[in-house]
Amino acid sequence: MVGAAVTTAAPAGGSRVLPHPPRAEIRLESVLHALSDPVRLRIVRELAADGDELTCSRFDLPVTKSTTTHHFRVLRESGVIRQVYRGTAKMNALRKGDLDHVFPGLLDSVLAAAGRQADRLG
């Protein structure tokens, strides 16, 4: 996101702050790119199923730690998730409200399709 303005999560007790795109600057192509990767889609499905914030360490992904970090960064920079530090834990939450506002029904449709695919392919 070269040159794009970003918002940041409010720091809690001196926590580090991560940049996030403002709702008005979330772009469809960035969201679709983020959701097109099977590992990132798995992260989003787990966040949606839980419905709350989850730590990065909560995810058991079949990739290295550095690759996991990359996937979370792509999701954050596209506007799909919000990440905030709580102490030493990096917490992740879907930006469902923002995505539903900008692209009504998109996230629910993608999640439903991913669920059907998982049922079909096992």
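Helix α2 has 13 residues. From its first C-alpha to its last it reaches 18 Å, close to the 18 Å expected at 1.5 Å a residue. The model is predicted. At the N-terminal end of α2, Asp-37 acts as a cap. One of its side-chain oxygens lies 2.8 Å from the backbone nitrogen of Val-39. After α2 comes Gly-51, with a positive phi near 75°.

Which residues of α2 are buried? They are Val-39, Arg-40, Leu-41, Ile-43, Val-44 and Leu-47. So Val-39 appears twice here: its backbone nitrogen faces the Asp-37 cap, and the residue is also on the buried list. The cover over these buried residues includes the helices α1 (28–35), α3 and α5. It also includes the strands β3, β4 (81–86) and β5.

Now follow the chain to α5, which takes part in that cover. This helix runs over residues 106–121. Its 16 residues should span 22 Å at 1.5 Å a residue, and its end C-alpha atoms are 22 Å apart, which agrees. Buried in α5 are Leu-107, Leu-111, Ala-114 and Gly-115. Seen down the helix axis, these buried residues fall within an arc of 100°, so they line one face of α5. On the other side, Arg-116, Arg-120 and Leu-121 are exposed. The cover over the buried residues of α5 includes α2 (38–50), β5 and α4. Just past the helix, Gly-122 has a positive phi of about 85°.

Next, the loop between β5 (89–94) and α4 (96–102) holds Arg-95. Is Arg-95 buried or exposed? Its relative accessibility is 5%, so it counts as buried. Leaving aside residues up to four places away in sequence, Arg-95 touches His-20, Pro-21, Pro-22, Arg-23 and Ile-26. It also touches Gly-79, Val-80, Ile-81 and Arg-82.

Last, the aromatic rings. How many aromatic pairs does a search of the whole structure find? It finds 1. Phe-59 and Phe-72 form this pair, edge-to-face, with 5.4 Å centre to centre and 65° between the planes. The pair links distant parts of the chain, 13 residues apart. Phe-59 sits in the loop between β3 (54–55) and α3 (65–78), while Phe-72 is in helix α3. Phe-59 is buried, because its relative accessible area is 8%. Phe-72 counts as buried too, at 2% relative accessibility. Another ring, that of Tyr-85, has the charged end of Arg-16 over it, 4.0 Å from the ring centre.

Technical notes
Residues numbered from 1 in each chain as written. Predicted model: local features only at pLDDT ≥ 70, side-chain atom pairs only at ≥ 80, totals over all residues. Heavy atoms only, no water. Helix = DSSP H or I, 4+ residues; strand = E, 2+ residues; numbered from the N terminus. Buried < 20%, exposed > 50% of the residue type's maximum accessible area, 1.4 Å probe, protein only. Contact = heavy atoms within 4.5 Å. Expected span 1.5 Å × (residues − 1). Arc of directions from axis to C-beta. Phe/Tyr/Trp six-rings, centres within 6.5 Å; stacked < 30°, edge-to-face > 60°. Lys NZ or Arg CZ within 6 Å of the ring centre and 35° of its normal. Polar contact = N/O pair within 3.5 Å; in protein donor to acceptor, adjacent residues only side chain to side chain.
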